Amino acid sequence: MKRINFLLAIGLAQLALAAPVLAQSALEQIEEAGALRIGTEGTYAPFTYHDSTGALVGFDVEIGREIAERLGVEAEFVEGPWDGLIAGIDANRYDVVINQVGINPERQAKYDFSEPYIASKAALVVREDNEDIQSFEDLEGKRAAQTLTSNYGKMAQEYGAEVVPTEGFDQSIALVLQGRADATINDSLSFYDFRKQQPDAELKIAATQADADFSGVLLAKGKPDLLQAINEALAEIKEDGTYSEISEKYFGEDVSQ
Amino acid sequence: MPPWLSLMLESLPSLLWACLLFTIPLTLLSFALGLGVGFVAALVRLFAPAPLALIVHFYVWVFRGTPLLVQLFLIFYGLPSVGIVLDAFPAAVIGFTLNVGAYSSEIIRAVLSSVPKGQWEAAYSIGMTWSQAMRRTILPQAGRIAVPPLSNTFISLVKDTSLAAAITVPELFRAGQRIVATTYEPLILYVEVALIYLVVSSVLSGLQGRLEKRLSRYGGYLEAAS
Amino acid sequence: MIALEEIDKSFDDLHVLKGTSLTVREGGVTALIGPSGSGKSTLLRCVNLLEIPQSGRVRIDDAMIAFTPGGKVDRKAVLALRRKTGMVFQNFQLFPHLTALENVMEGLLTVLRWDRGRARQRAEDLLEKVGMSEKADAWPSSLSGGQQQRVAIARALAPSPKVLLCDEPTSALDPELAVEVVEVLAQLAREGTTMLMATHDLRLAASIASEVVFLDGGVVVESGPATQLFGAPQRNRTKQFVSTLTAQERPPA
């Protein structure tokens, strides 16, 4: 009996010593590198954009910086257009994507999401003089300017709209203003930011979604340590009031619901 | 000051910075490397044995027959599927280099062939080797003839670097896109970006003209060889 | 001694030289004459190996290269042989990106690796010899045909070759301009420069050649001293060919 216990003890001890020597987890790699690489657009105000000094700012950007800080590393942002952003995870160009990535079943099948860090309501934006479109259902057969792989793009398709592909929010807005598209669906928050910049633009919100969609930090599957660390960081950020601060700064309200 | 002017002035520093940091280095690097590739390719097609020449012929055919934008996307977004992940700037340099290489190889090939065969014979007749003849006799003549078409390739390249925006290189055009994204003033910003490209390419055209003038002082080789 | 032995040369299906042999007497001018297509230019260009024969031997002094069909040619041997010759071309082929002086200096600097001072001196002497000193700094495109050809002669002579090869040296010049070139060649002949000249200008051949070789269809029909070939040709074909020369134009017996 004693002998078996002794052998077991040695076996366990060996395992315990061996574990750290086995393949490094993603979290450990990041800690070693001292940087969390974050993929983001840089052209989607007020979430990720460049201010007049050229610095990268925005709600998502600051959340990203806070997460990195809690992880004890620097935040390193890699910018790119929306439609190629998630593919960058597969190519390991960065560790996570923080860019208002909506949590949906399709994406969850291929990637992991953190806990939601923001709730957004989809808004249907049309020209001020448009009386034809008064609800999402009215999109049937109309032209909607959207990026191809976004949640909003899919939503527009589901309502039967003909999608006019663009590369970002500002282009979609421009098409609606120019009459080249009848409407665009996007986050109500981005529309409000647009309003601040262009108070005279002749656009209006025709309808808003009742239920909110949630966005999370996107990462590749198979990184449980990293996922846990990010969720812990997010929880901390919400608890210690940092989240409210950032939220007020950009939206003047709490956007976690 | 009218608002459009103040927006232009405000945006100018970040646009010029992007131009200086990315557009110009991208152009210079890709052109220098591309010329090297083009020169080797031209020599292979003119002088190397058939199998090698065929490979080069294939490369030139592919890169002249497909759009530059598609080539860039292939290198940046496509290669990761077979395990090759390149950063944006190197991917752009590779794409532009291969493209410039293909086009310039055709120019160089034509220019080398246009030097009369008699010049080779004259060089050989005074005892030069192939490489001496190339270096001392053929290239100086071919070089002068090649200046106009290659300058055009260079100036086109400056403008083509705007395509690098599509594979996330933060050069001039993308910098403009970034500013439009927050100001929603596409007309003002894109006019400004276009003006910067215009200034750069005009300066280069001017320099090209001066270079051609300087090189023509000794007269055309055609008259001497007739 | 300069000799071509049993030279066979074809261009694809065209059999231009058929076992042709030729010896060039040192110190004299040998003219290759014959109708178009006879192979005289080709034979000339076999001496400095601008044309590589399929078979035969090329000999200059103690340097000799033998050619066999399908055999490999040693590049070093070719260069060594070539450097004993100088050539003057029908259309001059001066280097347009160099001045007249630089054209003459080029071979000395690049091939023989002389230092600039020595090369310049030699080039200036040669330009004086051909009467082109005043145009030393001129670009070839600003020179007349005759002037260009004279510079070309100086360039060919710069490395003191064993034999000066002239391929139709006056054929691209109108008669007025040809005169100055002929004078230079005649002067060189008087000084004992070994020359081999292919030309369809019978008057030129008659006036400076000491030996003449008549080529027809890639075969030597007749060869001998100029006086004999022009004055009293032995073969009918030769008679026919040189009959275009009037009595006054023939060299004195």
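How many residue pairs are in polar contact between chain A and chain B, counting those with both at pLDDT 80 or more? The count is five, where a polar contact is a pair of N or O atoms within 3.5 Å; within protein, one must be able to donate a hydrogen and the other to accept it, and residues adjacent in sequence count only if both atoms are side-chain atoms.

A word on the ground rules. This is a predicted model, in which local features need pLDDT of at least 70 and side-chain atom pairs count only at pLDDT 80 or more, while totals for chains, interfaces and linings use all residues. Residues are numbered from 1 along each chain as its sequence is written, chains are lettered from A and ligands numbered from 1 in the order in which they are written, and side-chain values use heavy atoms, with hydrogens and water left out.

**Where A meets B**

Chain A brings 21 residues to the contact and chain B brings 17 residues, contact meaning heavy atoms within 4.5 Å. About 1,700 Å² is buried between chain A and chain B, and carbon and sulfur atoms give 54% of that. Buried area here is the accessible area (1.4 Å probe) that two parts lose on being put together, summed over both. Thr43(A), Arg93(A) and Asp170(A) supply 31% of the area that chain A buries against chain B, more than any other three residues.

There is also one salt bridge between chain A and chain B, with Arg178(B) and Glu79(A) meeting at 3.8 Å, N to O. The term covers a side-chain nitrogen of Lys or Arg within 4 Å of a carboxyl oxygen of Asp or Glu. Helix 9 (188–197) of chain A is one of the elements that supply at least two residues of the side of chain A that touches chain B, and its four residues are the largest share. Helices (H or I, at least four residues) and strands (E, at least two) are DSSP runs, numbered from the N terminus.

**Rings**

The structure holds 22 aromatic pairs over all chains. Rings of Phe, Tyr and Trp (its six-membered ring) pair if their centres lie within 6.5 Å; planes under 30 degrees apart count as stacked, over 60 as edge-to-face and the rest as tilted. Phe59(A) and Tyr243(A) have ring centres 5.8 Å apart and planes at 90°, so they are edge-to-face. Phe59(A) sits in helix 3 and Tyr243(A) in helix 11 of chain A, so this pair ties together parts that are 184 residues apart in sequence.

Another edge-to-face pair, Phe169(A) with Tyr184(B), has 6.1 Å centre to centre and 90° between the planes. This one crosses between chains, from helix 8 of chain A to the loop between helix 7 and helix 8 of chain B. Phe169(A) is buried at 4% relative accessible area, and Tyr184(B) is buried at 8%. For these labels, buried means under 20% relative accessible area, exposed over 50%, partly exposed in between (1.4 Å probe, protein chains only).

**Charges**

Over all chains there are 27 salt bridges. Here are some of them, within single chains:

| Salt bridge | Closest N to O |
|---|---|
| Glu62(A) and Lys249(A) | 2.5 Å |
| Glu131(A) and Lys204(A) | 3.8 Å |
| Glu5(C) and Arg59(C) | 3.0 Å |

In the last row, Glu5(C) lies in strand 1 and Arg59(C) in strand 4 of chain C, so the pair ties together parts 54 residues apart in sequence. Glu5(C) is buried at 19%, whereas Arg59(C) is partly exposed at 23%.
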